[in-house]
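User: I would like a close look at one part of this chain, with the rest brought in where it helps. The model is shown here.

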Amino acid sequence: MFESILSQSASGSITPLSFLICTAVSLVLGILTAVVFMFRNTYTKSFVLTLALLPAMVQVVIMMVNGNLGTGVAVLGAFSLIRFRSVPGTAREIVSIFFAMALGLAMGMGYVGFAVVFFLLIGGAMLLLCLTGFGEMHTADRHLKITIPESLDYSGLLDDLFERYTTSARLEKVRTTNMGSLYELCYRVTLKHPAEEKAFLDEIRCRNGNLNITCGQLSTAREDL
């Protein structure tokens, strides 16, 4: 099952049939890899097309240098210079690129069965982790930004409210604004009951003189590697 189909020819060279089999399987696995990447994810058409075609392209290159160590090292250096994206990719994009390249490497050596099993294992794991919400932030976590007058001492100002409405509250940043007449306090809080968010903010308004309050979900945009 894990034997290379390229080693079955008498001369050891690549036959047209083996090339067509490897290319066809590479295209199928590439398209399925793109489908796995698109599952519950934002994407662009150009990147999805790249994932779909990448295993077949890597497979052809590996086939051309099969058995030549020097050429293989040179091709590896060329791959390191390729920029797949003009902007920094997210962690999931980079993982998907390596996934597609690994499939192409396996197919380039003729290990069709190994590539299929590898796709089923890794692709299934990716889908399972997405379905189970593995690594997602807690839905009750909030980024809270409160503006108070400079006359108020923010130390302990909201401790009783945090104790009543949150399970944890951490002051992350303090800065002055409006020519130093206001303080802006940035907290990371975890609400006990997300449905009480409005009541929580209403009580804060009574403490800060009805100045600006911003409360929102924690940013998940930091995915770059």
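Is Phe114 buried, partly exposed or exposed, and why does it count that way?

Analyst: Phe114 counts as partly exposed, because its relative accessibility is 40% and that class runs between the cut-offs of 20% and 50%. The model is a predicted one, and every value here is computed from it.

Phe114 belongs to helix H5, which covers residues 112–132. On the surface, Phe114 joins Phe2, Met109 and Tyr111 in a nonpolar patch of about 370 Å².

To place that patch, the overall layout is useful. The chain has 225 residues, of which 33% are buried. Its secondary structure consists of 7 helices and 4 strands, in the order α-α-α-α-α-β-α-β-β-α-β from the N terminus.

Helix H4 takes up residues 91–108. Its 18 residues reach 26 Å from the first C-alpha to the last, close to the 26 Å expected at 1.5 Å a residue. Many of its side chains are covered: the buried residues of H4 include Ile97, Phe99, Met101, Leu103 and Met107. The buried set in H4 also includes Arg92 and Glu93. Just after H4 comes Gly110, with a positive phi of about 85 degrees.

Helix H2, residues 45–64, makes a useful companion to H4. The 20 residues of H2 should span 28 Å at 1.5 Å a residue, and the end C-alpha atoms are 29 Å apart, so the two values agree. H2 nevertheless has a kink of about 40 degrees at Leu53, shortly before the proline Pro55. Pro55 is itself buried, and the buried residues of H2 also include Phe47, Leu51, Leu54, Val58 and Ile62.

The later part of the chain holds the largest nonpolar core. It has 16 residues, and those touching the most other members are Leu144, Ile146, Leu158, Phe162, Tyr187, Phe200 and Ile204. At least two core residues each come from strand S1 (141–149), helix H6 (159–165), strand S3 (182–191) and helix H7 (197–207). S3 gives the largest share, 4 residues.

Two loop residues can be placed against this part of the chain. Asn208 sits in the loop between H7 and strand S4 (213–217). It counts as buried because its relative accessibility is 1%. The C-alpha of Asn208 is 7.8 Å from that of the core residue Ile146, although the two are 62 residues apart along the chain. Gly180, in the loop between strand S2 (166–177) and S3, counts as partly exposed because its relative accessibility is 30%. Between Gly180 and Pro149 the C-alpha separation is 9.4 Å, with their positions 31 residues apart in sequence.

Charged pairs come next. Side chains of opposite charge can pair when their charged atoms come close. The whole structure has 8 salt bridges. In one of them, Glu197 meets Arg142 at 3.1 Å, N to O. Glu197 is in helix H7 and Arg142 in strand S1, so this pair ties together parts 55 residues apart in sequence. Both ends are covered: Glu197 is buried at 18% relative accessible area, and Arg142 is buried at 8%.

Another salt bridge brings Asp160 and Arg207 to 2.6 Å, N to O. This pair links distant parts of the chain, with Asp160 in helix H6 and Arg207 in helix H7, 47 residues apart. Asp160 is partly exposed at 34% relative accessibility, and Arg207 is partly exposed at 29%.

Arg164 also forms a salt bridge, with Glu203, and the closest N and O atoms are 2.7 Å apart. Arg164 lies in helix H6 and Glu203 in helix H7, so the pair ties together parts 39 residues apart in sequence. Arg164 has a relative accessible area of 43% and is therefore partly exposed; Glu203, at 25%, also counts as partly exposed. Lys198, Asp202 and Arg205 are joined into one network by salt bridges that share partners.

To return to the residue asked about: Phe114 is a partly exposed residue of helix H5, and one of the members of a nonpolar surface patch.

Definitions and conventions:
Residues numbered from 1 in each chain as written. Predicted model: local features only at pLDDT ≥ 70, side-chain atom pairs only at ≥ 80, totals over all residues. Heavy atoms only, no water. Expected span 1.5 Å × (residues − 1). Bend = angle between axes of the 7 residues up to and from the residue. Buried < 20%, exposed > 50% of the residue type's maximum accessible area, 1.4 Å probe, protein only. Patch = residues over 30% accessible without salt bridge, like charges linked within 9 Å, V, L, I, M, F, W, Y side chains within 5 Å. Areas by Shrake-Rupley, 256 points an atom, 1.4 Å probe, with all protein chains shown as cover. Salt bridge = Lys/Arg side-chain N within 4 Å of Asp/Glu carboxyl O. Core = buried A, V, L, I, M, F, W, Y, C linked by side-chain atoms within 4.5 Å.
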